[in-house]
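Here is a short note for someone opening this structure for the first time. Keep the view at hand while reading.

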Amino acid sequence: MRRRDYLRSVGVGAAGIAVAGCLQVEDTGDDSTATTTTDDATTTEGATTGGTTSGDAETLRVATYDSFFGEEGTAGRWLKAAWEAEHDSTVEFSAPSNGVNQFIERKREGVGIDADLFVGLNTGELVRVDEALGDDQRLFDELAGEVAASDRIKDDLRIDPQNRALPYDTGYISLVYDGTTVEDPETFEALTTDEYEGALLAQNAQTSDPGRAFLLWTVHEYGPDEYLDYWQRLVDNDVRVLDDWQPAYDAFLNGERPMVVSYSTDQVYYNDEDQLPRHQVGFLNDQGYANPEAVARFADSDEPELAAEFVEFALGDDAQRNIAVNNVQFPATTTAELPEEYAQYAHEPPESVTFTYDELAGNVGEWTEAWARQVATN
Amino acid sequence: MRGSRRTAASAWATLSRAADRFALPLAGAGTLAVLAAVFYYPVWTVFVEALGPENPVWAILTSEFYMGAAHGVFAHPLRVPGDVAAWLAEVHIVAGWTGLLPDLFVVHPGVRKGLFGFTAYQAALSTLASVALGLPGAYVLARFEFPGRRTLQSLTILPFVLPSIMVVVGFVATFGQFGTLNGVLSTLGLERVQFLYTLEVVVLAHAFYNAPLVTRMVATAWENVDASAVETARSLGASPLRAFRDVVAPQLVPALAASALLTFVFTFMSFPIVLALGGLQLATVEVWLYARIQQLDYATAAGLATLETVVSLALTYAYLRYEGSQSADGTANPLARHRLFDASGPREWLVRSGIGVYGVVVAAVFVAPLASMVLASVGGLEEPTLRWWRFLVDRQASGGRTQPATAVRYSLQFGVAALAVALPMGVVVGAFSARGGRGRKVVDAVLMAPIAVSGIVVGFGLLRSLVFGVEVGDYRVSLVGPVVVVMAHAVAGYPFVVRNVAPMLSAVDSRLVESARALGASRGRALWDVELPLVWPGVLAGAAFAFAISIGEFDSTVILAGDGVYTMPVALKRFLVDRTAGPSTGPAAAMGTVLLAVTAASFVVIDRVGGRYRP
C-alpha cells in the first residue's frame, strides 16, 4: 500500500507543481473519450483531445511501448498533458506490437512509417536498425543539431555517434537480493561460488531488456573471449535464465530464489521497514550497467520541426524529472534533479558502465546467439 | 392473384432448392476463402523465406545444435553406420549383485538431442502426462452421475483460455519453494521439494493446459457409445472388461488419439511457459524461432517454422489415415451412468477410492494454480486487500486507455462471432474429411495447418501481409479491424471443431446418408437433417474449444485490432506492465479472475443452450 501511495504522491506532486493546469486538459480529454468514443474502435488516445484544442491543430505521432503511456501516472501521459498545455498541437501515442522491428520492416517493404518519433530505443536496437537497413535506407535522421538541450545529456549516455538517438532517461541494471537470506555478492566471481549456488535468476538476453543488459555487462567485464567461460561457470552454479523480467521477479518475490537481475531503482517500490531488508540492491564490482532509453525522429516524419521541439521539451529539467520518476528511471541530462524522497531509494552505481554503439555494432548479435547456444545445450 | 402467388411459391421453392443444393459448396468455398486470406497467404509470405539462397532448412538439418546426434544423417550420411557402431561398442550392460537383488543396468555414452530432439522429447512426455491426467477425468465424467457433473464438464477446458503468464504465476504460487504444495509437505513434516526450473514442472504445466483437451474429447466420445451394443455383447456372455475392450474402447481410441495428437503438436510449439518455468536451459524450437524473428533473421526463423510444421503435419496425416481406418456407430442411446456417491461391494468402493485419489491430484494440478491466481487478486491470505480490484474499477471509471468492461465486451463479441464462423467451417471440412480416401486425407491434413504452424509465424505473416497491405495501383490495400480479428480467431479455432466432429461423422452409418440422398435430399440437407443431430455432442465440444481459442488468443488480436480494440488477455497484459501500480502481478491477477469468471459462465451457457438446440 505505502509504496504505491508514495509513488503517486511523488509523481503527481511534481506534476502538480510544474503544470498545475495541464491535468485539467487531460481530464477533459479523458471525459470526452468516455462519452463519445467508447464504441469507436479506431479512435486513438491523442485524437480525442482535438475537441478541446483548435480543429486543425498539428498532431505529433509518437510510437513507443505500452507501459510508457498506457495509464495515468505514466511518463507519456505527463508529457502529453504538459506539452499540450503549452502548445497548439496534439500528441498521439501508439504501441506497435513488436517495437522498432515493425518500422524496420515497414521501411524494407516500402510501407508508410506513419509516425514522427520513436521513444524507447536502446543501443542494441539502434545497431540492429542500421545493420538491417544498411546505409542507403535511413529510418531515423540526425536530431541533436536541432535540439539545444542535447548538449546537457550525460557523456556516458551518448549512444549514437550519428546523433540520431537522444537518451531521455536511463536505468542501471543491478542485482536485487534478499538481504535476510544472502549477503551482497559484491563481485562477479562470487556468483560462481558455492555460497550462491542456485541463488540467481536472470533473463533471456535474446528477448528481455535487463537480460541483454546483464549479458553485455558480463561481456564488458570479461571480454568477448572470456564471457562464455564465465557463463559456463554461472550455469554450473545453477543460474536460471527465464524468459523475461516479470516471471523472474515474480519468482524472486515468492522467495523461490534470493537474487534477481533487475533495476537499481527497486526500493522505490519497496521501502517499508519490513520490505527494505528483502530488497537490497547489489552493484557487482561496484558497477551498474547503464541501459539508456533514447528517442529518435523518423526520417519520413511529416512534422520534423515539431518533433525536434517536442524532444527539446522532453529534455527540459521539468520533463526530465517527471519522466524519470514516472518511469522509475534516472534523468539523462546533467541538470535535472530528482525529488529527494525519490533519490533516496533510487540508487546510482558508484561506476556506470555501458557499451557504445561502435562497440556493439557487428558484435551484439553474435555475442547473444553464442551465449544462448551455450546456455541451451540440450 | 392466384397465379402470381403460385409463381411466388414456386420461385421460393426453386430458391430454397437452390439454397439446399449450393449451401454446402458455398460454405466450402467461403471456408477456403477465409483460410486463404487470413492464414495461407500470410503464412506463405514468411515460409517463402525458407526457400532463399541460404537454404536455411538444410543449414538447420546439418547443425548439431538444432538436430543433436541426428544431424549426422544429413551432414555426413556415409559416416552414420560407423558412428552408430562406435556408439554401440561403448554400450555396456552391467550385471551385479546389490546384496539382496540382482542388479542390471545399461551404461551408454550420452546422445545429444539437439533443439529439435529435446523439443520432441518434452512434447512426448507432456503428451503422456496429459493423457494420464486427462483420461481418468473422461471416465468419471462419462460414466458417473453426481451433482454438478454437467457444469464440471463444461468447465473442464477452462485452463485452455488462461494466458501463460497467469499460469506461470499460479504455478510458482503452487509449486514454488514456499508454495502451497511445499507448505502442505512441511506441515506434514516432510522436506520441501524443488519443483520449479525442472523438466517435470514444465511437463506438468503442459498437462495443465492439455489434459482438459483429452478429458473433454474422450468424454464426448464415451457419451456417444451405443449402450445397446454393450448390452448385446454382455448378453452374449462377454465380461464387463471384455465388452469394454471390444465395444467401448474402439470408439474411444480415435478421440484419445486425436487429443494426444493435438497435445503433442501444441507442446511441440510451446514457448513462454517453457522459459518461465524451466529456463533457457530447457529451450525449445519455438524459443529460437521467436529470438530469430526478433533479430530479423527471417531465413532461419522460416527454416525452423517449416521443419516444425512438417513434423506436425506429418503426425496429423498419420493420425488421419488411422482415423479413417476406424469405424464405429454413433448413437443417441448412451450408456447409463453410475451414481458416484452410491456404491455397493468392495470393487465399487475400490473404484471410488481411486476416483478420490484422482480428485486430490486434480485439486493440486488444476484447482490450486487457478485458486492461487484468484487469491493473488486479493493480495493473498496474509495481507488481504481489495486494492487490485479497486485498480480495475478505477481503470473503468477513469475512462483511460484500457477498461476492463470494454475488454470483456470485445472478448465476448469476438468469441461469439468467431464461433459463428468456425462452426460451419469445421463442420464442412469435417464432412469433407469423414468420407473419402487417401487424397482427402492429404487435403484434410493441409486444412489442419492452422494448428501446425507456429503462432509467432502466423502473427508475423499477418503483420507483413494484411497490416502492411498489398499495392494495388497507387494504393495500398490493407486488411485490418475487428472483422479480420474474428476471421483470424475462427481460423485458429476451427480445427478443433473438425477434429471433434469428423471422427463422429465417419462413424455415422453411411447408409443413412445414402437413403436421404436417394430420397432427393441434397448433400447439405442430408448433413443438416441426418448427420448433425447424431454428432451434436462433437459439435458442442468443438464449439467450446473454438470459443476458448478465441477468448485466449493474443498475438493476432494485438496485430490486427487497433489500439482501442482489446480483449481480456490484451487488457491483462497491459495491466501486467502497468508500473503505476508497482511491479505487482495483482492487477493482472484481478483481470485474470475476471477472464476466468466470464469464460466459465460462457462455457456453461454454450453447453446448456447448445444442448437444447440439437437440430
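The numbered points below go from chain A to the salt bridges, and then to single residues and surface patches.

1. **Status of the model.** This is a predicted model. Please read every value below with that in mind.

2. **Chain A overall.** Chain A has 14 helices and twelve strands. It runs to 378 residues, and 60% of them count as buried. Take the contacts in chain A with a separation of 6 or more: 78% of them join residues 24 or more positions apart. The accessible surface of chain A is about 14000 Å². Carbon and sulfur atoms hold 43% of that surface.

3. **An enclosed helix.** Look at α9 of chain A, residues 245-253. Eight of its nine residues are buried, so the helix is largely enclosed by the rest of the structure. Among the buried ones are A:W245, A:Y249, A:D250 and A:F252. A:P247 and A:A248 are also on that list. After the helix comes A:G255, with a positive phi near 75°.

4. **A glycine in chain A.** A:G124 sits in helix α6, residues 123-133 of chain A. Is A:G124 buried or exposed? Its relative accessibility is 13%, so A:G124 counts as buried. Compare its position with that of A:A372. The two are 248 residues apart in sequence, and their C-alpha atoms are 16 Å apart in space.

5. **A negative patch.** Five acidic residues of chain A gather on the surface in a patch of negative charge: A:E183, A:E186, A:E195, A:D286 and A:E351. A:E183 belongs to the loop between β5 (166-177) and β6 (200-203) of chain A. Why is A:E183 called exposed? Its relative accessibility is 58%, and the cut-off for exposed is over 50%.

6. **Salt bridges around B:E223.** The count over all chains is 37 salt bridges. Start with B:R149 and B:E223. Their closest N and O atoms are 3.9 Å apart. B:R149 is in helix α7 (residues 149-155) of chain B, while B:E223 is in helix α10 (residues 199-223) of that chain. The pair links distant parts of the chain, 74 residues apart. B:R149 has 9% relative accessibility and so counts as buried.

7. **A second partner.** B:E223 also meets B:R337 in a salt bridge, at 2.6 Å from N to O. B:R337 lies in the loop between α15 (298-325) and β4 (338-339) of chain B, and B:E223 in helix α10, so this pair ties together parts 114 residues apart in sequence. B:R337 counts as partly exposed, at 26% relative accessibility.

8. **A network across the chains.** Which residues are linked with B:D563 in a network of salt bridges? They are A:D66, B:R401 and B:R574. Within this network, the side chains of B:D563 and B:R574 meet at 3.6 Å, N to O. B:D563 is in the loop between α25 (555-560) and α26 (568-576) of chain B, and B:R574 is in helix α26. Eleven residues separate the two. Both are buried.

9. **An arginine touching both chains.** B:R292 is in helix α14, residues 285-294 of chain B. Its relative accessible area is 7%, so B:R292 is buried. Leave aside its neighbours within four places in sequence. B:R292 then contacts A:Q206 and A:E369 in chain A, along with B:D297, B:T300, B:A301 and B:L304 in chain B.

10. **A buried methionine.** B:M425 lies in helix α18, residues 404-434 of chain B. At 4% relative accessibility, B:M425 counts as buried. What does B:M425 touch, beyond residues up to four places away in sequence? The answer is B:T31, B:V34, B:L35, B:A490, B:V491 and B:Y494. B:T31 is 394 residues away along the chain, yet the two C-alpha atoms are separated by 5.5 Å.

11. **A nonpolar patch.** Chain B carries a nonpolar patch on the surface, formed by B:Y41, B:V470, B:V472, B:Y475 and B:V477. Together these residues have about 510 Å² of accessible area. Two elements of chain B, β5 (470-472) and β6 (475-477), each give two or more residues to the patch. B:V472 is placed in strand β5.

Technical notes
Residues are numbered from 1 along each chain as its sequence is written. Chains are lettered from A and ligands numbered from 1 in the order in which they are written. This is a predicted model: local features need pLDDT of at least 70, side-chain atom pairs count only at pLDDT 80 or more; totals for chains, interfaces and linings use all residues. Side-chain values use heavy atoms; hydrogens and water are left out. Patches are made of residues with over 30% relative accessible area and no salt bridge: like charges are joined within 9 Å, nonpolar side chains (Val, Leu, Ile, Met, Phe, Trp, Tyr) within 5 Å. Accessible areas come from the Shrake-Rupley method with a 1.4 Å probe; for residues, only the protein chains shown count as cover. A salt bridge is a side-chain nitrogen of Lys or Arg within 4 Å of a carboxyl oxygen of Asp or Glu. Lys and Arg count as positive and Asp and Glu as negative; His and the chain ends are not counted. The place of a charge is taken as NZ of Lys, CZ of Arg, CG of Asp or CD of Glu. Helices (H or I, at least four residues) and strands (E, at least two) are DSSP runs, numbered from the N terminus. Buried means under 20% relative accessible area, exposed over 50%, partly exposed in between (1.4 Å probe, protein chains only). Contact means heavy atoms within 4.5 Å.
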